[in-house]
Amino acid sequence: MEQRHLGRTGLRVTRLGLGTLTWARDTDEQEAADQLKVFWEAGGSLVDTADIYADGGAEYLLGRLTEELVPREDLVIATKAGSVLEADHRVDGSRRHLLAALDASLERLGTDYVDLWQLHAFDPQTPLEETLQALDLAVTSGRARYVGLANFSGWQLAKAGAWQLAAPGVRTRLASTQMEYSLLQRGIEREVLPAALDLGIGLLPSSPLGRGVLTGKYRHGTPADSRGASEHLAAFVAPYLDETASRVVEAVTTAADGLAVTPLQVALSWVRDRPGVTAPILGARTAQQLRAALSVETLSLPDEIRRALDDVSAPVHHYPDHDWSTL
């Protein structure tokens, strides 16, 4: 599998990553093992998890599998911290919480370090410099090799990235930002993606298949074995089952028919090759689905199809997202 540098760093990762959101919850140990083995045998390296996935269960499962199934040194393990599973306290960016969470993640993963440690969300109640200091401490202590962010808005990402760059050699530059990005969700193109490109921060798109909708599986209803029918994830899928999304899905399907490939391959190829993207994170339900997604490695969309998909899925931009002089 082809590799790319993660942002403006020396870290190289495969241009498709494996996500573990459902591991130890909807995905049992055997299925997780099958997915990891398929991914590794295809040459994949980047595996993304978080301390809140299955309340730590996903990290624990990944740790067991890297001990028993796949060599640790063959993987680039990324995890996240900062989200809190409390109704009235969803984010904790304090240095105290973050460093304790990192230590707990390392114990569950059964490793001395993670390759990429990411802040899961912005905490408006904690000074940003305190939050970012936790990233620097993680690197200088050897517990993390590289650091990044997730779910930061454009101004938040720009502020954090500029703060880290203000003291080179003292503060650790941000390697990545993980954000939802697909043909059904292009909101980051307004401010987040331009900031990331300017700062040399690599984008790791989550939900690159529009939460599964871009595969076309929901065109004629909700399959009983799909995430849309899942007790945990039905509400997650629902926003992309509207008429606007349907038009995009139909365009993807038409393109797939013309290329003699699947809608999944078309949608994934589109996001993988967008400017600034390092590696979309795949959240497959089964090893078979993962194999289908990994087959996109050999596909590049023709320019005319890419432009057509750009047009049909284009987000609406207004002032000040566009140059005011053009309005």
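**Note on the predicted model: pocket, sheet and an aromatic pair**

1. The second largest pocket holds about 260 Å³ of space, a value computed, like the others here, on a predicted model. Its lining consists of 17 residues, and those that lie nearest the centre of the pocket are Leu183, Leu184, Gln185, Thr244 and Ser313.

2. Helix H8 (residues 243–259) gives the largest share of the lining of this second largest pocket, namely 4 residues. Sorted by class, the lining is made up of 9 nonpolar, 4 polar and 4 charged residues.

3. The sheet to inspect alongside the pocket is an open one of 8 strands with parallel pairing, in the order S11-S10-S9-S8-S5-S4-S3-S12. Its edges are formed by strand S11 (202–206) and strand S12 (281–282), each of which pairs on one side only.

4. At the S11 edge, the partner is strand S10 (residues 176–180), and the two strands pair in the parallel sense over 5 bridges. Within this pairing, glutamate 180 stands opposite serine 206 in S11.

5. Two helices that lie across strands of the sheet deserve a look together. Helix H3 (residues 95–109) lies across strand S5 (76–81) and strand S8 (114–119), and runs at about 140° to S8. Helix H4 (residues 128–140), in turn, lies across S8 and strand S9 (144–150), with an angle of about 155° to S9.

6. A search for aromatic pairs over the whole structure returns 3. One of them joins phenylalanine 122 and tryptophan 155 in an edge-to-face arrangement, with 5.6 Å from centre to centre and 70° between the planes. This pair links distant parts of the chain, since phenylalanine 122 sits in the loop between S8 and H4 while tryptophan 155 belongs to helix H5 (residues 154–165), the two being 33 residues apart.

Technical notes:
Residues numbered from 1 in each chain as written. Predicted model: local features only at pLDDT ≥ 70, side-chain atom pairs only at ≥ 80, totals over all residues. Heavy atoms only, no water. Pairing = 2+ DSSP bridges. Contact = heavy atoms within 4.5 Å. Axes fitted to C-alpha atoms, helices over the stretch in contact; angles between N-to-C directions. 1 Å grid on protein atoms, 1.4 Å probe; cavity = no way out; pocket = protein on both sides within 12 Å on 5 of 7 lines; lining within 4 Å. Points joined across faces, edges and corners; volume = space filled by probe spheres on them. Nonpolar A, V, L, I, M, F, W, Y, C, P; charged D, E, K, R; others polar. Phe/Tyr/Trp six-rings, centres within 6.5 Å; stacked < 30°, edge-to-face > 60°.
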